[in-house]
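Let's take a walk through this model together, from the whole chain down to a few individual residues. Keep the 3D view open as you read.

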Amino acid sequence: MKKFVSLLLALLCILPLTACRRLHPAPEKPVIYLYPTEETDVTVTLDFDGTLTSTYPAYDGLWRVTAQPDGTLTDAAGREYYCLFWEGEGGEDYDFSRGFCVAGRDTAAFLEDALRQLGLTDREANEFLIYWLPRMEGNAYNLIAFQTDRYTDSARLHIDPAPDTLLRVFMAWKPLERAVDIEPQTLTAPERTGFTAVEWGGAEVN
């Protein structure tokens, strides 16, 4: 009987931890910038294969804002924002068949160059690095793979009016103790012309 009680207590301690463990990495801090060529009323809808855990401004099935060419966004109440933010929990498995293995101390320089190739401005890249670099530069190595269809197919973005240029940069990464060999990705971006919409985000995979 004592053994049964001890086993039951052990299970009760373990089960909450198991239930709370994240089985799939969550998209973190995707932010959306809108740069029309003139003041424009814009509606943004996100069709995400998962559960949204945080949004700002609050997402109630859509975002509706007035966007300025410098990226300033204003809602119906007159409150200003510089981007639209969301996070969520989903079941996506990210693709690490190609990517980069980067020493932690070299991560800042690597990301500066990679984000430029992917079409981000210095300001957008700065915000990307400020969020991710503190979690990456202290690792021995980071395995980095920029996602394409694997991400965009699970987080579908609808913008009205449709932008002339849409950039969606999503980085999946893993901290590593040792370097590994991986086939490098080719990083490209379309030229930013006309009404441009940009999104960046990422996920740490353990």
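A residue counts as buried here when its relative accessible area is under 20%, and as exposed when that value is over 50%. By that yardstick, 42% of the chain's 206 residues are buried. Keep in mind that what you're looking at is a predicted model. The chain exposes about 11,500 Å² in total, and carbon and sulfur atoms supply 52% of that area.

Next, the overall layout. The secondary structure adds up to four helices and twelve strands. If you take the contacts in the chain with a separation of 6 or more, 84% of them come from residues 24 or more positions apart.

Now turn to a pair of helices. Helix α2 covers residues 107-117 and helix α3 covers residues 122-136; their axes come within 10 Å and cross at roughly 150 degrees. Angles over 145 degrees count as roughly antiparallel, so α2 is roughly antiparallel to α3. As for handedness, the crossing of α2 and α3 is right-handed. Which residues make the contact? On the α2 side they are T107, A108, L111, E112 and L115, and on the α3 side A125, F128, L129, L133 and M136. Sorted by class, that contact of α2 with α3 has eight nonpolar residues, one polar and one charged.

While you're here, have a look at D122, which also belongs to helix α3. Is D122 buried or exposed? Its relative accessible area is 65%, so D122 is exposed. Ten residues separate D122 from E112 along the chain, and their C-alpha atoms are 8.4 Å apart. E112 is one of the α2 residues in the helix contact.

Let's move on to some backbone oddities. Most peptide bonds are trans, and most residues other than glycine have a negative phi. Against that background, the bond from Y56 to P57 is cis, with omega near -5 degrees. P57 sits in the loop that links β3 (50-56) to β4 (63-67). Another cis bond runs from D160 to P161, with omega near 0 degrees, and P161 lies in the loop between β10 (155-160) and β11 (165-176).

Stay with P57 for a moment, and find R79 in the loop between β5 (73-74) and β6 (80-81). R79 and P57 are 22 residues apart along the chain, with 9.6 Å between their C-alpha atoms. Setting aside residues up to four places away in sequence, R79 touches Y56, L73 and T74. Y56, you'll recall, is the residue on the other side of that cis bond to P57.

The phi oddity is K29, a residue other than glycine whose phi is positive, near 45 degrees. K29 is part of strand β1, residues 28-35. Buried or exposed, then, for K29? Its relative accessibility is 19%, so K29 counts as buried, given the cut-off of under 20%.

Last stop: Q147, in strand β9, which spans residues 141-147. With a relative accessible area of 5%, Q147 is buried. What does Q147 contact beyond its neighbours within four places in sequence? The partners are Y94, D95, F170 and A172. Q147 and M171 are 24 residues apart in sequence, yet their C-alpha atoms are 6.1 Å apart in space.

Notes
Residues numbered from 1 in each chain as written. Predicted model: local features only at pLDDT ≥ 70, side-chain atom pairs only at ≥ 80, totals over all residues. Heavy atoms only, no water. Axes fitted to C-alpha atoms, helices over the stretch in contact; angles between N-to-C directions. Helix = DSSP H or I, 4+ residues; strand = E, 2+ residues; numbered from the N terminus. Parallel < 35°, antiparallel > 145°, perpendicular 65-115°, else oblique. Left-handed = near helix turned anticlockwise from the far one by under 90°. Contact = heavy atoms within 4.5 Å. Nonpolar A, V, L, I, M, F, W, Y, C, P; charged D, E, K, R; others polar. Buried < 20%, exposed > 50% of the residue type's maximum accessible area, 1.4 Å probe, protein only. Areas by Shrake-Rupley, 256 points an atom, 1.4 Å probe, with all protein chains shown as cover.
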